Amino acid sequence: MSESENFIKKGTTLFTAKPFAYVLYSKYRNERCDYCFKSGKLFRCSVCKCIYYCNQSCQQMSWTIHSKECASLKRFSSKVIPDVARLMARIIIKLNQGGGEEIGYYSKTKYRKFKDLMSHYSDIKKDEKKMEHFVCVCGVLYEFLGDMSIPNSAELMGIYGRIYINSFNISDLDMNNIGAGIYLGPSILDHSCKPNAVATFEGTTIIIRTTEDLPCLDLSQIRISYIDVIKTTKDRREELQSSYYFWCNCKKCEESEPMVEAAACPNKFCTYPCSLDADMCENCNTKFPENFKETFYEISDLTAYHLQNMKNIAYLDVSTMCLKKQEGVLHPLNIQHVQTLQSAFDSSLTLQHWEEAESYAKRLINGYLTYYGEFHPSTGILYLSIGKLQVYLKKLKQAIETLRKASAILTITHGEQHTVIEHNLKPLLYQATVEEFNES
């Protein structure tokens, strides 16, 4: 077979898999079906009154697992059950039903069972924070499962480790993480901070697609990203070491990233990313003002403090205050500036400040292209969000152009038949085209 026949085009689907076990995050429990994760009209399980379904079919499909947890959920209705404890419970229920023999193929002949997944047992045993968390989770688990057959402590730690090392965040159409799942076949894939494949979801089904042209299909060379890569190399490596117990030596981590902590050139007409190790801009030779370094570090520390506090909820006033202070000090592609723009965009959407949201989103584009790359789900969804805002704001010509850019990306990352394209993007593009035609 010739080399060209082995060629893999970007946008090729490598995996489509159902989860071995999964859980909807508790914060979405009243908003989404516990089985298929769809939102809309829901009805509650009449027994536990904790779980919601979109129809009887979903309830019946989930009954194999839910029938074993239903009474426990009813008993715990007034208590908070950690999501990881619920996922562990579901895995235990499934293993007790013979689920340990379930296989997930990652090639025509090779497959994985749950026991084949890495648990990093010895690493977790040495990790004080993880061990403390594991003990707390087990305390909840013993009470939650009651008289059910529960594995011994070593096996429980193996399950706990397999969840933390192998689980995927299940995201919705807007790339919000709404659940977690274990996928046997796709768990074979390794990490890179500059991946050549991405994971997207259709409900709870995972889809892995290539984002680069590849000379051949070699799974040992396929990389996805385990974390959000809009971080400094130091922060990415620390997160990967802490969560997955490896030191990342990918190409992106090994190369210098001058943009990440760059300062703005004092000359407002120069866009060169400046290093604080120099006394002047290397591009236009403009000297930094006196005490510029002190100002830079002060604003950087202030930004880091507020970004940390806004991890769960973004505040528009805080974000705009940080952005104002960063102006002329942090380069537009400085990672903190990009993260602050993201917070400003998110909070603008929450407050329904549509003009501001569009403005911040457009300023985010270069950051996304720099750190995620063009063919990344987050980049495509950002363009889609901008297009949606522009349709609402009656900026129809701009909307059509933006939505076409979104289509070019999402066709690669999600596929032409994905719900995000069929039910979100195409109707928006049609609406914008018809309205623009009627106005012309």
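**Exercise 1. Is Lys397 buried or exposed, and what is its relative accessible area?**

Some ground rules before solving: this is a predicted model, where local features need pLDDT of at least 70, side-chain atom pairs count only at pLDDT 80 or more, and totals for chains, interfaces and linings use all residues. Residues are numbered from 1 along each chain as its sequence is written, and side-chain values use heavy atoms, with hydrogens and water left out.

Step 1: get the cut-offs. Buried means under 20% relative accessible area, exposed means over 50%, and partly exposed is in between (1.4 Å probe, protein chains only).

Step 2: apply them. Lys397 has a relative accessible area of 64%, so Lys397 is exposed.

Step 3: place the residue. Lys397 sits in helix α14, residues 396-413; helices (H or I, at least four residues) and strands (E, at least two) are DSSP runs, numbered from the N terminus. Glu436 is 39 residues away from Lys397 in sequence, but the C-alpha to C-alpha distance is 6.8 Å.

**Exercise 2. Work out the overall build of the chain.**

Step 1: take stock of the secondary structure, which comes to 15 helices and twelve strands.

Step 2: check the compactness. The radius of gyration (over C-alpha atoms) is compared with the globule rule, 2.2 Å times the number of residues to the power 0.38. The chain has 24 Å, close to the 22 Å that the rule gives for 440 residues, so the chain is as compact as a globular protein of that length.

Step 3: add the box and the burial. The C-alpha atoms fill roughly 70 × 60 × 60 Å along the principal axes, and 48% of the 440 residues count as buried.

Step 4: split the chain. The domain assignment (bounds from an automatic or database source) gives domain 1 as 14-24 + 79-234 and domain 2 as 256-439. Their centres, taken over C-alpha atoms, are 31 Å apart. Contact (heavy atoms within 4.5 Å) links 17 residues of domain 1 with 24 residues of domain 2.

**Exercise 3. Describe the sheet that contains β7, then zoom in on Ser171.**

Step 1: write down the order. The open sheet runs β2-β8-β7, three strands with antiparallel pairing; two strands pair if DSSP finds at least two bridges between them. The edge strands are β2 (21-24) and β7 (168-171), each pairing on one side only.

Step 2: get the geometry. Neighbouring strands are turned by 30° against each other on average, direction ignored. Helix α3 (residues 83-96) packs on this sheet and touches β2 and β8, and its direction makes about 145° with that of β2. Here axes are lines fitted to C-alpha atoms, for helices over the stretch in contact, and angles run from 0 to 180 degrees between N-to-C directions.

Step 3: look at the pairing. Four bridges join β7 to β8 (residues 177-182), and Asn169 stands opposite Ala180 in β8.

Step 4: zoom in. Ser171 lies in β7 and, at a relative accessible area of 7%, is buried. Leaving out residues up to four places away in sequence, Ser171 touches Asn176, Asn177, Ile178 and Phe201.

**Exercise 4. Do the same for the sheet that contains β10.**

Step 1: the order is β1-β11-β10, an open sheet of three strands with antiparallel pairing.

Step 2: find the edges. β1 (13-17) and β10 (197-202) each have a single partner strand, so one side of each is left without a neighbour in the sheet. The twist averages 20° from one strand to the next.

Step 3: count bridges. Six join β10 to β11 (residues 205-210), and Glu202 has Thr205 in β11 as its bridge partner.
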